[in-house]
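The following exercises concern contacts between chains and between domains. Each task is followed by a solution in steps.

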Amino acid sequence: MNISGGAERELQQVNLVGKSELKRKVDRQRSLGTRLLEQKWLVLMALPGILFVLVFSYLPMFGVLISFQDFNVFQGVFGSPWVGLQNFQNFFGDPMGMQIFTNTLILGLLSLLFGFPAPIIFALLLNEITSSKFRKVVQSISYLPYFISTVIIVGMLRALSEQNGLFNDIAHFFGQPSIQFFADPAWFRPLFVGSGIWQGLGWSAILYLAALSGIDPEQYAAAEIDGANRWKKAIHITLPGIAPTIMILLILSVGGILGTDYQKVLLMQSPTNMGTSNVVGTYVYQTGILNANFGEAAAIGLLLSVISFIFLIATNWLSRKLTDHSLW
Amino acid sequence: MVFIIVVMIYPLLHVFAMSLSSTAQMDLGNITVYPLGFDTEGYKFIINNPQFWNSYKNTLLYVVVGTPISLLFTSLIAYPLAMKEFVLRKPLSIFLAITLFFNGGLIPTYLVIQSLGLINTIWALVLPGAVTTFNVIIYRTVFQSIPIEMRESAFMDGANDLTILFRIYMPLSKALLATFGLFSIVGIWNDWFDPLIYFNNVTMYPIALYLEQMIVQGNFTQGAGGNLAADAINNLLVSPVTIQMAVVVVAMLPVLILYPFAQRYFTKGILIGAIKS
């Protein structure tokens, strides 16, 4: 063809653009089907895991529907009658419902209040130990309780709370009469939170210690030169240094406090301390599993999950506003 | 610090001491950290109790089946996710991330297991927790740190992804597997609640549940001892607490023994996971 030089170059450019567009189109066409086949091993390997998550995590999500039904096992999800918010109303209509709810909230808040700072303080103290050997020993011993079954821990607790057990020995030492720790509603919360700290202290501290090891030692050296004492160093270097870790763990913890280890609560409940020990988690177990009242149990469980989620989002938002650290 | 050590260890010593003490001394409440009136009645009871051995056997079975399953399937799905060119990488990641936030809850999970006909089977215990998003993420992070060249050269040698996972990646991730293997073992070993709700048959009880029946429910007959225990206690031959403590010691023993060995891998594994995350 007889085209002038400039026009020829323009044509070439048009051709080039056309070619890459064409290539992209062809790429997209060879996208899903062919690429899946190309990577068939990878896909096959992922398949079992997908199945697991699908069946055991996603399928139960449909349980949400049960909360709004008068669920009957024989009729199943699609056959049971719908009752709207009836299940929720039943729960809160019952005076015990509000008590259960408040118990759950209080227990969760107390666990957070006492249980969250403890590992941090422990990690800070541990970090101060100069002898690396001693530190390792203390650390190893400290997270041993985490591996012990909750049943065993409650068993130990019961043994220590006996009439002639250690706790009462201490009580007598202070001139108090014998206390029935497991029967008294007033003692449930201290025992629960206290044993929770005993169980989780060393374990949670691991994460904080890892974060602490990431702080630049030069900062400490500089502070030393400026004449900072231990306390000042801790506040101005250490804490800000592990602040991101603290905030993230805080956000995650807040999301979980309402679930507050209901299994341990179940183990520590007695007919006489239900006033403080009856929480949503154990109620769901009793109503749902024992009494087969699935609809109501699912409903209150759902409510708890939603509230926990809201807590999670709120804490994340707060954290982002106040400290610039957040989960997302 | 010393106080902390004391606080951590004291209960364990106390329990051990009680398991070996005579009833008379127990009633007097004199026991602190070592046995008084040395008496092995509690342990004798255990040894003679078939239900105890059965529970122990069950627990071992559940652990031996459950832990490899969890390690295997979590690795299988983490590997593709660690490969940048994986077709389904983004959608799959989102698919998994959602489960971090939304959870069916106890009742719906129970109903799913029930409708699958898994009640009273080992699978109710072992399958639900086999693949969790949190674990997958950590596995993926560890796999990502393995140089991609290894995979490429393995391809040239004619391997496919499956072989690469088993022959290269997993051997290189020993700390990871040891750590999560330990978590899985301890998790299954100590689990009493799932067996409680999924098993109707006493012969399937693991040791943790056996313990729960004895300690928390004070139930020495049905789940725990048969009438042997009830008789022994009624005859004041043995204090129930002694038996309980003996069972506690025996139930804890494997974990306590495993602990120092696993520890080595363990601190490394956690640090890797924590820092990388």
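**Exercise 1.** Determine how many residues of chain A are in contact with chain B, and describe the side of chain A that touches chain B.

*Solution.* Contact requires C-beta atoms, placed from the backbone, within 7 Å. By this criterion, 58 residues of chain A meet 65 residues of chain B. Helix α3 (residues 40-58) of chain A supplies the largest share of the chain A side, 11 residues; helices are DSSP runs of H or I of at least four residues, numbered from the N terminus. By class, that side holds 42 nonpolar, 14 polar and two charged residues (Ala, Val, Leu, Ile, Met, Phe, Trp, Tyr, Cys and Pro count as nonpolar, Asp, Glu, Lys and Arg as charged, the others, Gly among them, as polar).

This is a predicted model, in which local features need pLDDT of at least 70 and side-chain atom pairs count only at pLDDT 80 or more, while totals for chains, interfaces and linings use all residues. Residues are numbered from 1 along each chain as its sequence is written, and chains are lettered from A in the order in which they are written.

**Exercise 2.** Locate the domains of chain A and characterise their contact.

*Solution.* An automatic or database domain assignment divides chain A into domain 1 (5-79) and domain 2 (86-323). Seven residues of domain 1 of chain A and six residues of domain 2 of chain A form the contact. On the domain 1 side, three residues are nonpolar, three polar and one charged. The centres of the two domains, taken over C-alpha atoms, are 41 Å apart.

Conventions. Contact = placed C-beta atoms within 7 Å. Helix = DSSP H or I, 4+ residues; strand = E, 2+ residues; numbered from the N terminus.
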